[in-house]
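Q: I am new to this structure and would like a close look at a single part of the picture, the salt bridges. Please take me through them with care.

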Amino acid sequence: SLLEQTVGCSTASPGGGLDLGRAGFGAANTYNLGLSASQTLYSGGRISAQNRIAEAGLRSAELEVTEQNAQSLVTVAQRYYDAVLADRLLEIAEASLAQTEETLRLAELAFQVGDKAEYDVLRARVARTNQSNAVVQQRSSRDLAYTALKQQLELPVDQPLTLTTPLGDSVVPEVTLPASAAAALDTATAARVAVRQAEEAVRMQEGQVQLTRAQSRPSVTISSSYALSAYPPDVIPTADAFQDNWSVSLGVSIPIFDGGRVRGSVVQAQGALEQARVQLQQTRESAVLDVRTKQEALERARSSLQAMVGAVEEAQRAYEIAQLRYQQGLSSLTEVNDARLALNQAQADRAQAARDLYVAELQLLLVRDLPLDTTGAASQGAAQARSTGSAAQARPAATSFSPNP
């Protein structure tokens, strides 16, 4: 030590005695330079458990990013096809308005020549007015759908927008997924992001149990420090004024009594581990159901669209016959209005089925990365899109957006 070195060099004192200034006592200036290091030789498994928890947490965070990216893509596609559907529904509403205008013209002409009563003219005018209001509502719904899409794309609300992908509801579209995308389709339960996150949660809890148990084990640490000290009478020390001091120590920490704290923590960690394992099993079961639900949604949308294609053709033919019968005086205006409403409903259902088909295909393609959804949220969103209405032709726009599911 410095004190021992000072005693060994006692002759350095002018009076031949002990120079305490070299040991730092009463020194005018003090300079200390030090370097220390510590290394754990044995931690009872604490470090490995912490690494295990950290690595599992990192993988879980990466999976969360993947899941959110996939969900964002699906949400944008849903908003896009909702806007396309709103356009189509507005077109149907405007076409129906044109039909009521034609029916009113025929009724007024027949009334003028005495073939129809004034009652038919009044009913035709009421039907025309009601359909005009429906067009206004559907146009408002279309504007709201466009606004929702712009917000999802983080575009200004007043930014013009052109939808470049048609709904294509006149025929049943074939599977639009390219070969590379179809090959990437993975519906295996073990590949689902939600299942992998649940597995990482189990690993984190296993690491927590290991970490908790390690608290009752001893730890061994080796430490070393090296110091240079100088106590010169002048402000700036010389090189030979520094004295070194190097020490090495070995520390052992042994927990003797903790009042049952560690044991209680271990029991609590084991309970959390069992809960994580149960959650993993439930997630696997939900993943199987979720895949099956999305597959059924795709088949249901395809079958519905295929059925509605024929229904629209039949409804169109029925409306034409009803219109012709009315012109020849063989039917009433009620029959014409019923046929028109049936045609509008069939066209709207066909457009809705086409929208559902595209969304279902995309969801099935990204099923591996999407969060679990066994509540039928997608179907509820589709039904809500239908209730929001009708569509008109898109405004001239400067921005174009086309998803490529």
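A: What follows is a walk through some of the salt bridges and the places where their residues sit. This is a predicted model, in which local features need pLDDT of at least 70 and side-chain atom pairs count only at pLDDT 80 or more, while totals for chains, interfaces and linings use all residues. Residues are numbered from 1 along each chain as its sequence is written, and side-chain values use heavy atoms, with hydrogens and water left out.

A salt bridge here is a side-chain nitrogen of Lys or Arg within 4 Å of a carboxyl oxygen of Asp or Glu, and by this rule there are 22 salt bridges. In one of them, Glu-91 pairs with Arg-88, with the closest N and O atoms 3.4 Å apart. These two are three residues apart in helix H2 (residues 46-112), and are therefore separated by about one helical turn; helices are DSSP runs of H or I with at least four residues, numbered from the N terminus. Arg-88 is buried at 18% relative accessibility, whereas Glu-91 is partly exposed at 33%, where buried means under 20% relative accessible area, exposed over 50%, and partly exposed in between (1.4 Å probe, protein chains only).

Another salt bridge joins the side chains of Arg-125 and Glu-108, at 3.5 Å from N to O. Because Arg-125 lies in helix H3 (residues 118-152) and Glu-108 in helix H2, this pair ties together parts that are 17 residues apart in sequence. Arg-125 is partly exposed, with a relative accessible area of 39%, and Glu-108 is partly exposed at 28%.
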